[in-house]
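Here are a few short exercises to work through with the structure open beside you. Try each task before you read its solution.

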Amino acid sequence: MVTRVYESVVHAPVRDVWDFHSSAKALEVLTPPGKRLRALSKDLVVRNGALHELETRQFGLRLVWAARISEVTPPNGFTDVAEKSPFAFWRHRHEFRPQGEDTLLTDSLTYALPFGPLGRLVDWLFVKNQIDALFAFRHAATKAALE
């Protein structure tokens with residue numbers, strides 16, 4: 001398992017950061033240009049037990065991602081755990097903590113690729129850099145949308 005943590009201070013109140021990240025519209029804003037993402041679920045409300053299904057394309061392949069929402073604690077965060085994805089395991093905790101009038105945005109990600117040692121090599125060579133770039137984009141997009 002790999003654990004990665006990404007943090008940024010967003011110059012916006014914690015409630016605004018929560019409202020943004022818990023909305024279906026955030027999916028569009030937080031998806032990098034050139035990455036196609038389509039919601040398969042009609043209901044993308046962030047609530048305990050909700051199952052969010054999304055479709056994307058990677059290397060010309062259609063990928064369906066199904067994540068179960070849990071540990072919902074408005075306005076401080078929620079967790080999504082993949083039930084179906086290209087990963088053997090994926091757990092992503094979104095946390096929003098007030099810092100005065102600002103918010104500390106923390107994304108804690110624990111994941112594993114399939115195929116044991118081969119998966120770890122692929123992660124080291126390719127995947128971790130893509131994940132780092134994704135979360136850098138997401139944090140910059142959050143700041144741009146809210147500040």
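**Exercise 1.** In this predicted model, decide whether Glu7 is buried, partly exposed or exposed, then find its salt-bridge partner.

*Solution.* Start with the accessible area: Glu7 has a relative value of 48%. Buried means under 20% and exposed means over 50%, so Glu7 counts as partly exposed. Next, look for the partner: Glu7 forms a salt bridge with Arg97, and their closest N and O atoms are 3.5 Å apart. Finally, place the two residues: Arg97 sits in strand 6 (residues 89–99) and Glu7 in strand 1 (residues 2–10), 90 residues apart, so the pair links distant parts of the chain.

**Exercise 2.** Which side chain does the side chain of Thr106 meet in a polar contact, and is Thr106 buried or exposed?

*Solution.* First locate Thr106 in strand 7, which covers residues 102–112. Its side chain makes a polar contact of 3.1 Å with the side chain of Glu7. Now check the accessibility: Thr106 has 2%, and the limit for buried is under 20%, so Thr106 is buried. Among the residues that Thr106 touches are Val5, Tyr6 and Arg97.

**Exercise 3.** Find the distance between Glu55 and Arg62 in their salt bridge, and work out how each residue is classed by accessibility.

*Solution.* The side chains of Glu55 and Arg62 meet at 2.2 Å, N to O. Take the residues one at a time: Glu55, at 10% relative accessibility, counts as buried, whereas Arg62, at 46%, is partly exposed.

Conventions: Residues are numbered from 1 along each chain as its sequence is written. This is a predicted model: local features need pLDDT of at least 70, side-chain atom pairs count only at pLDDT 80 or more; totals for chains, interfaces and linings use all residues. Side-chain values use heavy atoms; hydrogens and water are left out. Helices (H or I, at least four residues) and strands (E, at least two) are DSSP runs, numbered from the N terminus. Buried means under 20% relative accessible area, exposed over 50%, partly exposed in between (1.4 Å probe, protein chains only). A polar contact is a pair of N or O atoms within 3.5 Å; within protein, one must be able to donate a hydrogen and the other to accept it, and residues adjacent in sequence count only if both atoms are side-chain atoms. Contact means heavy atoms within 4.5 Å. A salt bridge is a side-chain nitrogen of Lys or Arg within 4 Å of a carboxyl oxygen of Asp or Glu. Lists of a residue's contacts leave out its neighbours within four places in sequence.
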